[in-house]
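Reader: I have a model open and some labels to understand. Can we go through them one by one?

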Amino acid sequence: LRNDFDQLVDVKGGFISREIFVDADIYRQELDKVFTRAWLLVGHESLVPNPGDFYTSRMGEESVILCRDKKGDIHVFLNSCRHRGMKVCRYEQGNTSLFTCPYHSWTYTTDGKLQGVPLHRTLYDGVLDREANSLVSVAKLCNYKGSIWATWDKDAPDFITYLGDAKIHLDQALDCRDGREGGSEVIGVHKWVFPANWKFAAENFLGDTYHNPSHRSVDLIGIGPSAAAGKKGRRDDELEKAQHVWISFPEGHGVHSAIQPEANEYIESFLDNPILEKYFRHCFEERKRRLGEGARLLPFVGTIFPNTSYHGRQPRGLCAWHPHSPTSTEGWRFFLVDKDAPNEAKEYLRRYYMRYSGPAGMTEQDDMENWLYATAASTGTVARRYPFNYQQSMGAYVTDHPLGGDVSTQVTEQIARGFYRRWTTYMQGGDWHELLGSPAGNRQAAE
Ligand code: FES
């Protein structure tokens, strides 16, 4: 039964076994079948701005080095020496001209080449092939608007193909607030470990707004972008007037987004701070001018399969849910601001982000409590016999919407059903044609 994924994930009936969230064997298979094939978020170019800069990251459970070489090119390497596997880089970030392995001192250049081997002539002359013993590089790497993505699968499609119609939603997190393409920088990274399966977090950000009662305390104190406790902020007003949509994409991605009315206007929010008011007004008006109709799209949250989530607006940023074990996950939140924003706006946003999300933020604490109790409660001998219910809003979507995918105008678990359907395809070793899916194929499976 353990490996019969069609039994475990019954998307037609709307039931998913708890085993996929707690079982050690399934988890080991996930690392092999999902995390070595899918495109994963590694970091952001602003974390390695200069030649020789490095930032250690993760892909699945494994440590990788995001590095800018002497010529300025970005690489991602497995952080493991080719001799006996020691980590060649034990720091979180820094600048170096060489990575020197602490064990026996083999050294690697910043473009991954094996350069120094102690006593080479005496011990390895004529035997050691330096080229073949370079650091292991990812098969494909993409710098998408500053965010760095990689896959270990040489047969994977290019990243834009992998994104499909989810691209314009991810763009909202990566583009400048005033509508210019790219131009963002990471203002800080929060990292923390929590005792829950990684899929709880990924699924939460697919568009599960059904869990909003969890955040009632945040709503009550009103910490929208105006940061004015006790009164509604601009975000609340915009969201109330907008047409909300929940979209399931065939590649397994999902988003909860909204479309503003045509005649939306800037709402004054920072009357006590002229610098912020000027900045946010400028961004609003400039975005509208640049994007025209496109500026009406007001995205909130989404997940790019399998483990990268994002906030498209506020707090704008990317989240990687790195698996540690079946019941443990390391969350990394990369907070983004416009590189050329006034310092006062960056500082305001930095504080807002910390207060809103991350390990000490008000919303993430609510979420984590749900995920960790759900994980713990699902490990029980009896609990594991009872699947989770995913029957919400069965069939309530349209397929001919200009935003692509299966589009619903009501809260729906269609996105989660699509995500787990695609997860099942990976676990069954599907080829890339199947993994990219098609709207029709995805729907058939989920109905
Ligand atoms: Fe790296 Fe031996 S393990 S030099």
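Reader: Why does arginine 384 count as partly exposed?

Author: This is a predicted model, and its values are computed. Arginine 384 has 26% relative accessibility. Buried means under 20% and exposed means over 50%. The value lies in between, so arginine 384 counts as partly exposed.

Reader: What makes aspartate 23 buried?

Author: Aspartate 23 has 2% relative accessibility. Buried means under 20%, so the label fits.

Reader: How do you know that aspartate 23 and arginine 384 form a salt bridge?

Author: Their side chains meet at 3.9 Å, N to O. The cut-off is within 4 Å, so the pair counts. Aspartate 23 sits in the loop between α2 and α3, and arginine 384 in the loop between α12 and β20, so the bridge ties together parts that are 361 residues apart in sequence.

Reader: Why is lysine 154 called exposed?

Author: Lysine 154 has 61% relative accessibility. Exposed means over 50%, so lysine 154 qualifies. Aspartate 155 is exposed too, with a relative accessible area of 52%. These two residues form a salt bridge, with the closest N and O atoms 3.6 Å apart.

Reader: What makes Arg58 the charged class in the lining of the largest cavity?

Author: The lining includes Leu40, Met59, Gly60 and Arg58. Arg counts as charged, along with Asp, Glu and Lys, so Arg58 belongs to that class. By class, the lining has four nonpolar, four polar and one charged residues.

Note on methods: Residues numbered from 1 in each chain as written. Predicted model: local features only at pLDDT ≥ 70, side-chain atom pairs only at ≥ 80, totals over all residues. Heavy atoms only, no water. 1 Å grid on protein atoms, 1.4 Å probe; cavity = no way out; pocket = protein on both sides within 12 Å on 5 of 7 lines; lining within 4 Å. Helix = DSSP H or I, 4+ residues; strand = E, 2+ residues; numbered from the N terminus. Buried < 20%, exposed > 50% of the residue type's maximum accessible area, 1.4 Å probe, protein only.
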